[in-house]
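Here is a set of short exercises to work through with the structure open beside you. Try each task yourself before you read its solution.

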Amino acid sequence: MKKDLLHTPEGVRDIYGKECAEKEQIETKLHDVLNLYGYSDIQTPTFEFFDVFSKEKGSVPSTELFKFFDRYGHTLCLRPDMTPSIARSASKYYDECSTAVKLCYVENTFVNDSKYYQGRLKENTMAGAELIGDDSIDADAEIVMMTIDCMKAVGLNEFQVELGNVQFFRGLLSEAGISGDDEEELKSLIDEKNLFGVEEMLHSHDIGDMITDALIALPTLFGSADVLDRAEKMTYIPECLAAVKRLKDLYAVLSANGYADHVSFDLGDLSSHAYYTGIILHAFTFGTGEPVINGGRYDRLMGQFGSDRASIGFSVNVDRLLSALQRQKIGVPLERNGILLVYGRDDFQAALFSSAHRRAEGIRVCMMRRKSGTQLEDYLKVAEEGQYEWIFLCENGKEQRLRVDEIQKGEA
């Protein structure tokens, strides 16, 4: 029975030692980028009222929420997604703010996903930013540039940021008169790039040839900026043309500022979050089949919390990003610092004095009493795991200092 308790539930895991240090370093690098752009930190509760993430808000499906009740009978849930939480809090605290609001976070989210076999975790650390109160192309560009800067900050060079615009799809749907369950089915088929399924479904509806052709072609509208010209020629619908123009204008800004190399387009990328209203983005790299960054414009979400303000943002899945870096064998630089002070049975007081003196100078010191039968190699493992620069051996009133990297090279 006790052995069973050593295991974690499906979809969650322990992170410790060097991997934990690497994850914290990635979080720091991402957070530094967000701060450099002037975004201020915000923390929201780990659990909230269920209605904050209900179907009407366009977050994850109810079946994928971890739900429970408080003592008053209110339905609560662990947050599955940071954006509705930020929208709620911003509506409460920044409702009367006349300027744009820039917020960032590093928090955990919880999704009761059944796709653990695909490598998905049910608890993930997310680092992200939300730009509230700005509906301009400038805001779109800033979010995309931050996305690219975040990828570069953690050491990635081979990655792609795919841009889409859900307004193009919704314009076609509106003209075709497709809604409800049919809309969800069509969206799923397009997202899966199932051309035959899309064609079969559309032929079962009485829809004009132009709309039919555009919807059938939607899963193929991905690649370089040339796809925007193709999309523009497929339709006369004002909403669709406005969506393409927005992407072209965004691409022009990115190109002018040296951010176009990592950008591609996918008008068939519709996102699983229904609250997106315009530009959406996904960042991909090798080592994972899922995007490591998701984001987009959600101009109507805050209105559901009583503060109707245009907004756009993105979130980085830190756990997925760490996995991609490991598979690409991209090391996360960790700075060695501090001292592992190993002392003998009769040297506690001397070791304590030495440690207190160094800690007063801002040097971290880990004291460890030497056990009988242990060797230097045992403490070397401790020093490597804790990223200590030095091992001090304090015994019989004497202190021997050894650099960890020199021990590893066999020079000590």
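**Exercise 1. A pair of charges**

Find the salt bridge partner of E142 in this predicted model, and decide whether each of the two residues is buried or partly exposed.

*Solution.*
Step 1: E142 makes a salt bridge with K102, and their closest N and O atoms lie 2.9 Å apart.
Step 2: Now place the two residues. E142 belongs to helix α3 (residues 137–153), while K102 sits in strand β5 (residues 101–110); the pair is 40 residues apart and links distant parts of the chain.
Step 3: Buried means under 20% relative accessible area. E142, at 16% relative accessibility, therefore counts as buried. K102 has a relative accessible area of 27%, so it is partly exposed.
Step 4: As background, side chains of opposite charge can pair when their charged atoms come close.

**Exercise 2. More salt bridges**

State how many salt bridges the structure holds, and describe those of D113 and D405.

*Solution.*
Step 1: The count is 20 salt bridges.
Step 2: D113 pairs with R120, with 3.0 Å between the closest N and O atoms. The relative accessible area of D113 is 8%, so D113 is buried.
Step 3: D405 pairs with R403, and here the closest N and O atoms are 3.3 Å apart. D405 is partly exposed at 26% relative accessibility, and R403 is partly exposed too, with a relative accessible area of 24%.
Step 4: Salt bridges can also join up: D140, R246, R297 and D299 are linked in a network of them.

**Exercise 3. The sheet of 4 strands**

Work out the strand order of the open sheet of 4 strands, and explain why one side of β14 and of β16 is left without a neighbour in the sheet.

*Solution.*
Step 1: The order reads β14-β13-β15-β16, and the pairing is mixed.
Step 2: β14 (365–369) and β16 (398–403) are at the edges with a single partner strand each, so one side of each has no neighbour in the sheet.
Step 3: On average, neighbouring strands of this sheet are turned by 20° against each other, direction ignored.
Step 4: Look at one pair in detail. Strand β15 (residues 390–395) runs antiparallel to β16, and 6 bridges connect them. W390 has R403 in β16 as its bridge partner.
Step 5: Add the helix. α11 (residues 348–360) packs on the sheet and touches β13 (339–343), β14, β15 and β16; the direction of α11 makes about 170° with that of β14.

**Exercise 4. The sheet of 9 strands**

Which strands are the edge strands of the open sheet of 9 strands?

*Solution.*
Step 1: Write out the order, β1-β5-β6-β12-β11-β10-β7-β9-β8, with mixed pairing.
Step 2: Read off the edge strands, β1 (40–41) and β8 (222–223), each of which pairs on one side only.
Step 3: Within the sheet, β11 (residues 293–297) and β12 (residues 311–317) run antiparallel and are joined by 5 bridges. G296 has G313 in β12 as its bridge partner.
Step 4: Helix α9 (residues 238–256) lies across β7 (159–165), β9 (263–266), β10 (279–285) and β11, at about 145° to β7.

**Exercise 5. Around one leucine**

List the residues in contact with L172, leaving aside its neighbours within four places in sequence.

*Solution.*
Step 1: L172 is found in helix α4 (residues 166–176), and it is buried, with a relative accessible area of 0%.
Step 2: The contacts are I211, A214, L215, T235, I237 and C240.
Step 3: Among the buried residues of helix α7 (residues 209–217) are I211, A214 and L215. The buried residues of α7 pack against α4, α5 (180–191) and α6 (195–203).

Conventions: Residues numbered from 1 in each chain as written. Predicted model: local features only at pLDDT ≥ 70, side-chain atom pairs only at ≥ 80, totals over all residues. Heavy atoms only, no water. Pairing = 2+ DSSP bridges. Helix = DSSP H or I, 4+ residues; strand = E, 2+ residues; numbered from the N terminus. Axes fitted to C-alpha atoms, helices over the stretch in contact; angles between N-to-C directions. Contact = heavy atoms within 4.5 Å. Salt bridge = Lys/Arg side-chain N within 4 Å of Asp/Glu carboxyl O. Buried < 20%, exposed > 50% of the residue type's maximum accessible area, 1.4 Å probe, protein only.
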